[in-house]
Amino acid sequence: MLAIRKYCLFKVLIISLLGLGWSAIALANKHDPLKVAFVYVGPVDQAGWTYSHDQGRKYLEEKLGNKVKTTYVESVPEGADAERVITMLAKDGNKLIFTTSFGYMNPTLKVAKKFPDVKFEHASGYKRAKNVSTYFNRVYQGRYLTGILAGMMTESNLLGYVASFPIPEVVRGINAFTLGARSVNPKAEVKVVWVSSWYDPGKESDAAKTMIDMGVDVITQHTDSGGPISAAEKQDVLAIGYHSDMSVYGKKAHLTATEHNWGPHYVAKTLAVLNGTWTSEDVWGGLSDNALDLSTHHKDTPRHYSSVVKHTKSLIAQGKLHPFAGPIKDQSGKVRIPAGKAMSDGEMLGMKWYVEGVQGKLPK
Amino acid sequence: MDIDLIANILFATVRMGTPLLIVAIGELVCEKSGVLNLGQEGMMLMGAVVGFMIAFHTDSLFIGFIGAVAAGVLMALLFAVITMNFYANQVATGLALTILGVGLSGFIGRGYVGEALSSVDFQIPLLSSIPFFGKALFSHDLLVYISIGLAITVYWFFKSTRAGLVVKAVGESPESAQSLGLSVLKVRYLAIIFGGAMAGLAGGYLSLIDTPLWAENMTAGRGWIALALVVFASWRVERAVLGAYLFGFMSIMHMVLQSFGLSVSSNLLATLPYVATVVVLVLLSRNQQRIKLFAPMSLGKSFHSAH
Amino acid sequence: MRIKLEARGQHSKLMSYMSPIIAAVLTIFCGALLFWILDKPPLQTLHTFLIMPISDLYSITELLVKAGPIVLCAMGLSICFKANVWNIGAEGQLLMGGLVGSCTALWLLDAQGIWVLPVVLLAGILGGAAWAAIPAFLKNYCNTNEILSTIMLNYISLNILLHAVHGPLKDPDGFNFPESALFSDWQIMPIILEGTRLHLGVCFALLAMVAVWVLMSKTFIGFQLKVLGGDERSAHFVGFKEKRLVWLCLFICGGLAGLAGAGEVTGPIGQLVPNISPGYGYAAIIVAFLGRLHPLGILFAGLLMALLYMGGEMVQIQLDLPKAITGVFQGMLLLFLLICDVLIAYRLVIEKPLSKMIEEPLRIEPRAIAIEGK
């Protein structure tokens, strides 16, 4: 009799210990920091695309403290290796993974299929899945504003664009820049040189130099390095950076730059995963969401130029002005967007033509 | 096409051709002594990264250049020891040097990606204001003029000095040279080191003056083009100068054409310098007699000293 | 006292096997030193670098997937190098194979049937072989040095691929991004192990190993190639047709590299993208040397090389080491190998200085006296 009671007591003890342990683990897991990972296509520089994402990551760490633990892998090539790196991050326990380059699109989708409880956010892509979202910034808004500044500052009326690859995103930027410049200076024209790379300081610098040799006096870029800025600095012309403030490459030349501000988006999405409210969607943030901004204007910029830009910025942020609002003519003079209409998101995503004012033909 | 534009294109041609010329001269001397060093890319990159690092920390381009040359020399010494003392195959060792140089430079340069240097301007006071020639000929960086000076010196070296003759002798027949009492090992060591110094200098030019930035693999194949240049030049300095500027021209053309608004695919245009190299190589090598006439007889072959 | 290298009479067979091992050990040692300098715990870092990538099944399959194209290229290169044809163009031939294979796949995108994939792969093989035919032609009829021509062709082929993926072969539904359409299910390499990326292409590497071994050691052509590599003049005297042999080895190498390229686009990638090879063709050169130009050696060397790649990734993720560390290890390995190889043909001899030998007096043994004085 005593033995049976002892045995029952023993069982109860075991079960309650197990229960206690189990709830302790569950409780601990609940307070375990959420592991968030970032996949970068380039090195974390002093400036540039990857730098801007890393700034966002640091902002996330700052805001959410010990609720998150972040990791990043840099310089992951966009090919067969990307899938492995993303898989390893998922296996390592990361529950939210940001893949920050277009070329990671298909690898991200493949890994997402294998890890349905991990959430993926792909930058600059167009394919989604149940656990894959896409996100990007309305950089064209920033480009339009920098175009205005360039149009006002230029003396030769020739502007130069160091471009990477003829994808819609880049073409959109060129067009927005041109439209902005010509909205204040109808005589301005834009030259474009394609360097076939996102990051190649030598080539970018050569491209800038070539255009400067041809009379361009304001350079801008859709590439990652400070090459164009330092080329502009050396030749005493102006330059507009991209991704982040690039004045470190040329204090005299750097007029301004279109900066990304990924931080708030990263915080919002991480909180969504923590609260269980994350859904697959496409986020295209703009000036109104504080997703991008212009860096401080060069100290010698005339005051009233800066205020024109500031004023236009608030108009765009309030939705009162759309950079791609008609009438917009293409290079042949044909009216593509009639007056009173603005381009839709879909039309902007697939942009394959140059607006009037861009020199040269778009490579196919 | 206005005259300013032509001046600018000439300027760009010289600018692009200078690093090629410097490396080619270095490798030319090396090959004249009978040693084939394929490690140019690796040596150039090491020169570029070390030069950049030193200039960044000391704020002096001059010390940076010294560092660049030193790095090139060290890499070349490594090559020299392995091929001259350990009798290893020159082709394989040169390749290994390239791979090591590419990896090592990326490795140590990692902390300097994206850093900026304060660039230095140099222009010859009066001459650079001459309308056409001013821009095309007299507004270059100091190193461009040094490279021309180098070319002239090396030309004179091989044409009129005894030392130059010794180098050529070692390259043509090391056995005969040795029996005459010349130290083949010493001559080749010096030639290899000179080649390394030049490669380091050219690398330094890229990262200190041309861009001035550091990026992994920033030489983008210039080392290989320089090797082809030496063959193109039939191992003659004056031809190397011509070839270097020709390739410089090819490299800049695709951007110039784009700036004009030509819409040829930029990728296909980018193949210009490489296609040109192949074409030139083919045209030159066709005449087998000619190659035999100019290539140093012992090029690439290991030499084992008699004692 | 001096240490000198003295020629052995015959190549030491022991050293031929030991040399790669010694080189590997030296590399690991230097690597540990490097980690220590960088303030990382040497042993733990080595563990992350070398052991972790093979610690679970997924990682092992990834190792094989990575090693596959490298080993394929290296097999082909071993034939070329044995014949003294310095083909540095495996990378370009791989890219061409991937490009031509992709063209075919896109052309046959709507085709159905089990015959589709083999046709795509065959196209890749022919593409690589055709690209290798260019330096073969230039060497045979224009005396052009193949080292330089193949390197230039590497750059040219990369740019052609970029042109294609940005233009003619771009996915029409792809919002103008530089990628081709995804290949159809009939055009994807079948996966051997469920849940991993281990695909049929890896088996081709093994088949190539057997084929190359048979070719080089059991056939007359293999013998001819080896003689050609050993001494060109002898080959000529005996009547081996040098030109034909050059064509042959470049064709085979180009074909294998092309197969590797086609395997990548139909396997792990599944479409044509700008970046289909992170330098496999160049890594294959190191692997060929490491493996002593022998098929079995190349297999092991290829696995080691893939391990270095993956280890580099792991230490980047876990220990924040720079990506370029893989290149450093690869370069060191090759250099150490070249140095250790010396000991195959030469031995280390410690020479006593001449003066010491003269100083030792001649000794005359007093034997005669002892016998007499009994």
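How much area is buried between chain C and chain A, and what share of it do carbon and sulfur atoms give? Select both chains in this predicted model: the buried area is about 3000 Å², and carbon and sulfur atoms give 55% of it.

**Stop 1: chain C against chain A**

Keep these two chains in view and show the residues in contact. Chain C brings 34 residues to the contact, and chain A brings 36 residues. Turn on polar pairs next. The interface of chain C and chain A holds five salt bridges. For one example, select A:Arg84 and C:Glu62, which form a salt bridge with their closest N and O atoms 3.1 Å apart. Eleven residue pairs across the interface of chain C and chain A are in polar contact, both residues being at pLDDT 80 or more.

Now colour chain C by helix. Helix 3 (57-82), helix 10 (242-269) and helix 12 (295-319) of chain C each supply at least two residues of the side that touches chain A. Helix 12 of chain C gives the largest share of that side, six residues.

**Stop 2: chain C against chain B**

Hide chain A and show chain B. Here the contact consists of 39 residues from chain C and 43 residues from chain B. Together, chain C and chain B bury about 3700 Å², with 80% of that area on carbon and sulfur atoms. On the chain C side, select C:Leu148, C:Met152 and C:Leu335: these residues lose the most area to chain B, together 16% of what that side buries.

How many salt bridges does the rule find across the interface of chain C and chain B? The number is zero. Polar contact between chain C and chain B comes to one residue pair, with both residues at pLDDT 80 or more.

To see which elements of chain C touch chain B, select strand 1 (2-7), helix 5 (116-142), helix 6 (146-166), helix 11 (280-290) and helix 13 (325-345); each supplies at least two residues of that side of chain C.

**Stop 3: a surface patch on chain C**

Bring back all chains and select C:Leu14, C:Met18, C:Ile21 and C:Val25. These residues form a nonpolar patch on the surface, and their accessible area together is about 380 Å². Centre the view on C:Met18, which lies in helix 1 (residues 13-37) of chain C.

Is C:Met18 buried or exposed? C:Met18 counts as partly exposed because its relative accessible area is 33%, and partly exposed covers values between the under 20% of buried and the over 50% of exposed. That value also meets the patch cut-off of over 30% relative accessible area.

Methods. Residues are numbered from 1 along each chain as its sequence is written. Chains are lettered from A and ligands numbered from 1 in the order in which they are written. This is a predicted model: local features need pLDDT of at least 70, side-chain atom pairs count only at pLDDT 80 or more; totals for chains, interfaces and linings use all residues. Side-chain values use heavy atoms; hydrogens and water are left out. Patches are made of residues with over 30% relative accessible area and no salt bridge: like charges are joined within 9 Å, nonpolar side chains (Val, Leu, Ile, Met, Phe, Trp, Tyr) within 5 Å. Accessible areas come from the Shrake-Rupley method with a 1.4 Å probe; for residues, only the protein chains shown count as cover. A salt bridge is a side-chain nitrogen of Lys or Arg within 4 Å of a carboxyl oxygen of Asp or Glu. Helices (H or I, at least four residues) and strands (E, at least two) are DSSP runs, numbered from the N terminus. Buried means under 20% relative accessible area, exposed over 50%, partly exposed in between (1.4 Å probe, protein chains only). Contact means heavy atoms within 4.5 Å. Buried area is the accessible area (1.4 Å probe) that two parts lose on being put together, summed over both. A polar contact is a pair of N or O atoms within 3.5 Å; within protein, one must be able to donate a hydrogen and the other to accept it, and residues adjacent in sequence count only if both atoms are side-chain atoms.
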